[in-house]
Amino acid sequence: MTRSNPVQPLTLPEVNTLSDQAFADAFAGVLEHSPQYARFAARQRPFADAEAVAAAFAAAVQQDSPDAQLALIRAHPDLAGKAALAGELTLESAHEQASAGLDRLTPDEYAEFHRLNAAYHEQFGLPYVVCVRENTKDSIFEGARRRLSNTPEQERAAALHEIARIARLRVLDLVHSEGMTPSKLPAKVKVKMGANNYGKADVRLFKVFRDAPRHEIKDVWVRVAMEGDFDAAHVSGDNTDLLATDTVRNTIYGLAVGGFTGSVEDYGKTLIRHFVSQGPKVARATAYFTEHQWQRLTVDGQEHDHSFVRQMPKHTAVVEGDGHTFTVTSGIDELYVLKTTQSGWEGYLMEQFTTLPETNDRILATVVTCKWEYAVPQCDYDAVWNRVYQTILDTFTDHYSPSVQNTLYRMGEAILTLCPEISRVHFSFPNRHHIRYNTERHGIENPNTVFHADAEPYGQIEGWVERA
């Protein structure tokens, strides 16, 4: 027989004045099948608030013996396991598993839980314990797979942490916060869902093109965010017709086999078409890409067919669309450039707080972050990216730079001249200061050769260069 929750949550004064036995009876279900901890907590009264009650249960577990802690972990049921199917869960566990939809699983999801539960028992001799009320089905699956790599000690600590989270929420169900008896609870304000999206992030996709002895590779981090009619999921927990984020991840990998044959921008369009067509409630989507660049190794003067070294700049891209029309933005990130001369900073305003001396010979160093929009609906995105990249390098070297602002403008002008596919381009240049170090105070002349690469606050120069 399972214990029922009190019909009415207790006020804090009631919690503090119950007899020890009445307290133990009321809080017997806070820790799964372990009513002895309620007797310990009863002796810690009076409590200042509901959080203090929860802390007393957590302290009781932490102070117990390792054997008792293991027994507590093992007292928890498997998620979507035999006890759930047989209706033998405690009332608390049944409500919690239902809150994450574990009572409404598909046959495949039940099978996956069965595999994970079996793996946990085989590896740790323990059930997989997680605070389901703070998770979704997807995050529960992901957490289980991740924690299977724990050591036994790490997993026991993780399970005890989750048990403390479970106990806290159960206590908060049983105790009104001080001064918040049912008659004094504030009325809920009227709200509505604003703009929202969901999807999968940090999907690390690596593809090898093996069509010829000379291999090509693509190394990309992907994020997909879907927009649409998702209000029911937020407002009432109705997940009908929603794509799981786990499905989004699998799709990114699955479609890459035959659909990722060129640029990340074109693959983004492929992904968006798929999610809009397959998700009944998906109206549009955005795909974000960070592509790492690799260069072939050179051996005896010849480029190697299948060996590479990672390069510094990254190819970024954002593709937005409804499956029919698309907006594409491409970019470059983490491009470190520096020149040791042919740069200065003179003729600027001198006022009360100016301390920087003028110079016509300084180190110019920055990390280029660049993005551009297209004037055409389709093009060879990889070819444009390579052309922009080379133009940035060429322009950085071809002039005396009186300011970072002037170099920004010159780069934008050159890119728009050489890339008719682009409508406008944006740059972000942090000025990574290299300051001549004062060795003269040590009696050593510094002929402008030794510098301090400054980590202090730096200048930040940003701007769009557009077609007139």
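This note comments on one helix, several strands and a surface patch in a predicted model.

1. Helix 13 covers residues 264-278. At 1.5 Å a residue, its 15 residues should span 21 Å, and the end C-alpha atoms are 21 Å apart, so the expected and computed spans agree.

2. Several residues of helix 13 are buried. Among them are the nonpolar residues Val 264, Leu 271, Ile 272, Phe 275 and Val 276. The list of buried residues also includes Glu 265 and Lys 269, together with Tyr 267 and Gly 268.

3. Strand 4 (residues 302-321) pairs with strand 5 (residues 326-339) in the antiparallel sense, over eight bridges. Within this pairing, Val 318 is placed opposite Thr 329 of strand 5.

4. The connection between strand 4 and strand 5 makes the pair a hairpin, with four residues between the two strands. In the turn, Gly 323 has a positive phi of about 95°.

5. Strand 5 is also joined to strand 6 (residues 364-374). These two strands run antiparallel and are linked by nine bridges. Here Val 337 stands opposite Thr 366, a residue of strand 6.

6. A nonpolar patch lies on the surface and is formed by Leu 297, Val 299 and Val 309. Together these residues have about 200 Å² of accessible area. Val 299 belongs to strand 3 (residues 282-299). Its relative accessibility is 42%, so Val 299 counts as partly exposed, a class that lies between the limits of 20% for buried and 50% for exposed.

Note on methods. Residues are numbered from 1 along each chain as its sequence is written. This is a predicted model: local features need pLDDT of at least 70, side-chain atom pairs count only at pLDDT 80 or more; totals for chains, interfaces and linings use all residues. Side-chain values use heavy atoms; hydrogens and water are left out. The expected span of a helix is 1.5 Å times one less than its number of residues. Buried means under 20% relative accessible area, exposed over 50%, partly exposed in between (1.4 Å probe, protein chains only). Two strands pair if DSSP finds at least two bridges between them. Patches are made of residues with over 30% relative accessible area and no salt bridge: like charges are joined within 9 Å, nonpolar side chains (Val, Leu, Ile, Met, Phe, Trp, Tyr) within 5 Å. Accessible areas come from the Shrake-Rupley method with a 1.4 Å probe; for residues, only the protein chains shown count as cover. A salt bridge is a side-chain nitrogen of Lys or Arg within 4 Å of a carboxyl oxygen of Asp or Glu.
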